[in-house]
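Hello,

Here is the structure I promised to pass on. Please have a look at it first, and then read my notes underneath.

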Amino acid sequence: MADGFAQATGRPAMVNLHSAAGTGNAMGNLTNTQFGHVPVIVTSGQQARRYEELTGYLANIDAPKLAEPLVKWSHEPGRPQDVPQSLSKGILLATAAPAGPVYLSLPLDDWDHDADVNALGHLRSRVVEGNPVVPEEALGRLRERLAAAANPVMVAGPGIDTPAGWDGAVRLAEKLSLPVLVAPSPLRCPFPTRHPSFRGILPAGIATVASRFDGHDLIVAFGAAIFRYHEFIDGDFLPAGTELWAVTDDPDEAARAPFGHILIGDPAEAVGRLADTTPGAGRPPLPAREPLPQADTAGPAFTEEAIVDAVNAAKTDSTVIAHEWSSAMVKWDRFEFTRPGSLYFGAAGGLGWGLPAAIGMQLGNPSRRVVALLGDGAVHYSVSGLWTAAQYNIPVVFVVARNSEYRALREFTRLMHAPDTPGMELPGMDIPGIATSYGVQSERVTSLSDLTRAVKEALSADAPRLIEISQRRLADS
């Protein structure tokens, strides 16, 4: 929820965890917060300092090390009086580019001590400012390379899913007639999906990504890691004769990129500056993208495409989609998104993020209604969030596609030539019944028109709703 709240508000969020297993229980979702560059300050309880040495009950052993791989900074203050300094440092680090989570372990007996009043006064008045941008000399080289390119293509990543990023990317794409692809394993929608330049989402294998760049001599990527591969399909990273330039605000992303010319700075600012200063290429405007294939709408269990289309027919321009329906991970380009901040996906693929993140997003920005699009397997990682939505009357619309299987994993068993892998079935679950028991009004629909109707009604209501629809199983697709 803190992750979703921080993304919706653009401000850091704070979450406090129980000692010991509390940190462990949160670490699955902390992977998403890390890879999503979300500014979350995580504090965790710790046993009293004397009991730490004795490994007392509920003590975190080497607490800073526990969260260390998943945060920008992990720390336990050396003295009780240092807690405010450590918290202030954590907030600044979490929000500095590239944003990300930090972790503080706070021993139980620290709360009995007074803070250093003088130090606290200085901390409250301290100001740290700065937003690193790409130097003009480096951006000038990219501008020259764009001017010389015969057939360039843009790759848009989550780092430009902001008003400034969308504006700059659209203007640059129109000025240079650039086709625009979304970077692999996308966690945001960084470009309007019905714009004539939009060409869909890149696949997630090395060879399949490279194949989409055939015929292009230059790739310009903004706000994306190069690249978040997922499916192991080996091959060369790029076609012969293709060059990549990219802008990211994350030095680690730049350092681990296996190819390309990477510029470090604010990608939204850089694409806007390029749009302002790059001469037009004189190319004819791009034709609109080929229409998406018509969805198979036959029931009683429906395809992912048909379900997405039915939800799209119900949502409005301001609706936000919190997406954790992994078997439809790259089908979201069927949605019509016309403004930034309209789609969010778990950045590391860890399930259990979508349901509570949707609640945090709705709390963070009540002016935009949130639809959580969930698979039936994903629901059960964090199903207790339904109780929170009911108790605090947070009007999220939960849409659950029910296929009684871990379909995304089943698809991977085919890719890995192990189609008979056990443990893929999820039978006998009554998700509307579970939601009703938590206090969320629920409905099971049996047609696509009923799904559209139910989502429209839920979006106009002032309380949480859950809607379940049958999804076609992989064997039947």
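A156 stands opposite V182 of strand β6. The model is a predicted one, so please read everything here in that light. The partner of β6 here is β5: residues 152–156 of β5 and 180–182 of β6 pair in the parallel sense, over three bridges. Both strands belong to an open sheet of six, with parallel pairing and the order β7-β6-β5-β8-β9-β10. At its edges are β7 (198–201) and β10 (261–264), each of which pairs on one side only. From one strand to the next, the twist averages 20°.

Helix α11 may also interest you. It spans residues 267–277, and eight of its eleven residues are buried, so the helix is largely enclosed by the rest of the structure. Which residues of α11 are buried? They are P267, A268, A270, V271, G272, R273, L274 and A275. What covers them includes two strands of the sheet just described, β8 (218–222) and β9 (243–248), as well as the helices α7 (136–148) and α8 (163–176).

There is another open sheet, again with six strands and parallel pairing, in the order β12-β11-β13-β14-β16-β15. Its edge strands are β12 (343–345) and β15 (441–444), and each pairs on one side only. Here, too, the twist averages 20° from one strand to the next. Helix α17 (residues 431–438) packs on this sheet and touches β14 (397–402), β15 and β16 (465–470). The direction of α17 makes about 170° with that of β16. Elsewhere in the sheet, β11 and β12 pair in the parallel sense over three bridges, and H323 stands opposite F345 in β12.

Strand β11 turns up once more, in the lining of the second largest pocket. That pocket has a volume of about 980 Å³. Of the 45 residues that line it, H230, S326, M329, A408 and F412 are the closest to its centre. β11 (320–324), α14 (376–379) and α16 (407–415) each supply at least two lining residues. Which element gives the largest share of the lining? That is α16, with six residues. By class, the lining has 24 nonpolar, twelve polar and nine charged residues.

Do write back if you would like to go through any of this together.

Best wishes

Terms used
Residues numbered from 1 in each chain as written. Predicted model: local features only at pLDDT ≥ 70, side-chain atom pairs only at ≥ 80, totals over all residues. Heavy atoms only, no water. 1 Å grid on protein atoms, 1.4 Å probe; cavity = no way out; pocket = protein on both sides within 12 Å on 5 of 7 lines; lining within 4 Å. Points joined across faces, edges and corners; volume = space filled by probe spheres on them. Helix = DSSP H or I, 4+ residues; strand = E, 2+ residues; numbered from the N terminus. Nonpolar A, V, L, I, M, F, W, Y, C, P; charged D, E, K, R; others polar. Pairing = 2+ DSSP bridges. Axes fitted to C-alpha atoms, helices over the stretch in contact; angles between N-to-C directions. Buried < 20%, exposed > 50% of the residue type's maximum accessible area, 1.4 Å probe, protein only. Contact = heavy atoms within 4.5 Å.
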